[in-house]
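Please read this briefing beside the sequence and the structure. It takes up selected parts of the fold by topic.

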Amino acid sequence: MDTPQLDEASQPLAQAWQQCLLQAGPAAAALLHAVAADAPPTLARRFYEVLLQDTRARRFLSHEQVKQRLQPAMQRWLAQLLTTDADGIAATVAAQRVIGDVHARVGIPVDLVTRGARVLKHELFVRLRADAHDSDTAFAAIDCLSAIMDIAMEGMTLAYTHARERSSRTDAAYRLFSLVQNVSTERERQRALLLDWENSLLYTLAGHATGADNASLATSEFGLWFTHKGIPSFGESSETQQVGGLMARIDSSLQRATDEDPARRLTALPAIREDLATIRNLMTLLFERIGELDAGSDALTNLLNRRFLPTVLRREIELSTRNHTPFSLLLLDLDHFKAINDGHGHDAGDRALQHVAALLGQQTRGSDYLFRYGGEEFVVVLVAASESQAEVIAESLRRQIAQSPISLPNGQTLGLTASIGVAGHDGHPDYERLMARADAAMYAAKRQGRNRVVVADEALPEAPGRRALQR
């Protein structure tokens with residue numbers, strides 16, 4: 001196996017691991033290897049006994065999953081830590097980063113992971129003291145093990161933090177995308193509201209109206225939108241903070257002006273209008289950034305693209321777990337799509353994709369999520385739908401596609417069919433597992449002759465080489 005190339009953050013971990021093994025010496029290393037020969041099964045059982053006492057852990061761990069999947073994985077992880085030599089350090093450090101990514105994707109609380117590590121350390125320390133031939137070897141082995149476990153936890157935490165930060169940014173972008181999908185319309189509306197407020201202010205300060213003390217920018221329609229929707233949409237930034245500060249300064253100046261003689265009120269206006277001009281410029285900048293979120297939708301089909309699929313699946317898994325409600329996934333792939341492009345041109349392929357996207361919209365509910373996953377693949381997230389209900393919906397979709405040929409500009413009609421994989425959420429907290437099950441079912445539909453629906457089954461092998469969701 002080739003030695004993995006570690007990134008800049010992981011290289012110090014590998015160096016620390018190397019130093020730890022050098023300081024421990026061969027006798028301590030041999031003791032760690034000996035413990036690795038028979039201790040991992042007992043330690044893995046103990047690890048999960050402790051974690052399952054925490055109610056939060058029960059969301060991520062079931063007794064059946066622990067027995068069949070997680071305990072063997074924990075045994076392999078422990079054996080790897082205890083037996084890694086100098087040549088294997090890079091691969092082991094890289095593995096910790098992968099584990100951290102999985103923890104972040106599933107949402108396992110960091111304190112549960114560190115609690116488990118603490119339990120493992122204690123149990124291993126007891127074993128090392130009991131098995132060592134002398135106290136010096138025991139101390140060296142314990143010291144080395146402690147450092148190795150800390151390095152492993154640090155590697156996991158690095159990956160966990162980076163992955164959660166990425167997810168948080170994408171989640172925030174999705175909230176914004178959902179909130180302000182028509183960016184240009186919202187931008188013009190807020191610009192008009194700000195201008196209306198300025199004109200009303202001019203009228204008031206000129207003495208043509210009373211009640212200027214009620215004309216604060218913060219309580220205007222623009223001000224309320226900015227505070228309650230704008231800031232959550234744009235996200236906290238120096239620009240939003242600056243807009244907030246300018247609004248407060250304008251309202252303070254306005255309050256002082258209302259206390260003065262009407263003839264002197266207009267003297268406050270130039271500074272207020274200058275601040276308003278700055279707010280307009282900042283709002284233009286903020287809305288331009290929102291415009292970048294158009295990448296959240298597919299330009300050809302107007303469906304969501306895969307960027308926001310992890311966000312939606314994480315939320316649906318959380319809702320399903322909390323409310324004990326089902327949801328299911330359809331992965332749909334148009335059959336022989338390359339032949340369509342090759343035989344009729346890419347315009348025909350684009351028409352086919354748009355046609356299928358329209359059918360998906362007609363055959364699903366407004367609460368469901370529709371994605372163009374990539375190429376000729378679509379993902380449908382069916383909320384509050386069991387696997388059996390999803391199968392019925394998928395069959396209806398398959399039939400509608402097969403019975404609805406598209407018309408080409410040259411007068412020809414082009415028949416379409418699709419292979420659909422169905423997977424109901426089975427309680428597992430990792431959305432990539434759900435996608436893998438739907439993916440395997442869809443490929444089974446392809447193997448069985450296409451133009452059919454296949455429901456995921458644990459016996460189905462996961463399709464080799466399939467890409468993970470974009471994170």
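What follows covers the strands and their pairing, then a helix, and then contacts of aromatic rings.

The model discussed here is predicted. In it, strand β4 (residues 377–383) pairs in the antiparallel sense with β3 over five bridges and, also in the antiparallel sense, with strand β2 (residues 327–334) over seven bridges. Strand β1 (residues 304–305) joins β3 in the parallel sense, over two bridges.

**Strands and their pairing**

- Between β1 and β3, one bridge can be followed at the level of residues, since Leu-304 has Phe-371 of β3 as its bridge partner.
- On the other pairing of β3, Tyr-369 stands opposite Val-381 in β4, and Leu-370 stands opposite Val-380 in β4.
- The hairpin of β3 and β4 has two residues between the strands, and Gly-375 takes a positive phi there, near 60 degrees.
- Towards β2, the bridge partner of Ser-328 is Leu-382 in β4.

**Burial of the strands**

- Strand β3 (residues 369–374) is mostly covered, with five of its six residues counted as buried, while in β4 seven of its seven residues are buried.
- In a regular strand, side chains alternate between the two faces of the sheet.
- In β4, Glu-377, Val-379, Val-381 and Val-383 point one way, whereas Phe-378, Val-380 and Leu-382 point the other way, and the residues of both sets are buried.

**Helix α12**

- Helix α12 (residues 309–323) has 15 residues, and the distance from its first C-alpha to its last is 21 Å, close to the 21 Å expected at 1.5 Å a residue.
- The buried residues of this helix include Leu-309, Pro-310, Val-312, Leu-313, Ile-317 and Leu-319, and among them are also Arg-314 and Glu-316, together with Thr-311 and Ser-320.
- After α12 comes His-324, which has a positive phi near 55 degrees.

**Aromatic rings and a charge over a ring**

- The structure holds three aromatic pairs, two of which are described here.
- The rings of Phe-47 and Tyr-48 are edge-to-face, because their planes stand at 90 degrees, where over 60 counts as edge-to-face, and their centres are 4.9 Å apart.
- Phe-47 counts as buried because its relative accessibility of 8% is under 20%, and Tyr-48 is likewise buried, with a relative accessible area of 8%.
- Phe-222 and Phe-226 form a stacked pair, 6.3 Å centre to centre and with 20 degrees between the planes.
- Both of these residues, Phe-222 and Phe-226, lie in helix α8 (residues 221–234), four residues apart, about one turn of the helix, and both are buried.
- An α-helix has 3.6 residues a turn, so residues three or four places apart point the same way.
- In a contact of another kind, the charged end of Arg-306 sits over the ring of Tyr-373, 4.3 Å from the centre of that ring.

How values were computed: Residues are numbered from 1 along each chain as its sequence is written. This is a predicted model: local features need pLDDT of at least 70, side-chain atom pairs count only at pLDDT 80 or more; totals for chains, interfaces and linings use all residues. Side-chain values use heavy atoms; hydrogens and water are left out. The expected span of a helix is 1.5 Å times one less than its number of residues. Buried means under 20% relative accessible area, exposed over 50%, partly exposed in between (1.4 Å probe, protein chains only). Rings of Phe, Tyr and Trp (its six-membered ring) pair if their centres lie within 6.5 Å; planes under 30 degrees apart count as stacked, over 60 as edge-to-face and the rest as tilted. A charge sits over a ring if NZ of Lys or CZ of Arg is within 6 Å of the ring centre and within 35 degrees of the ring normal. Two strands pair if DSSP finds at least two bridges between them.
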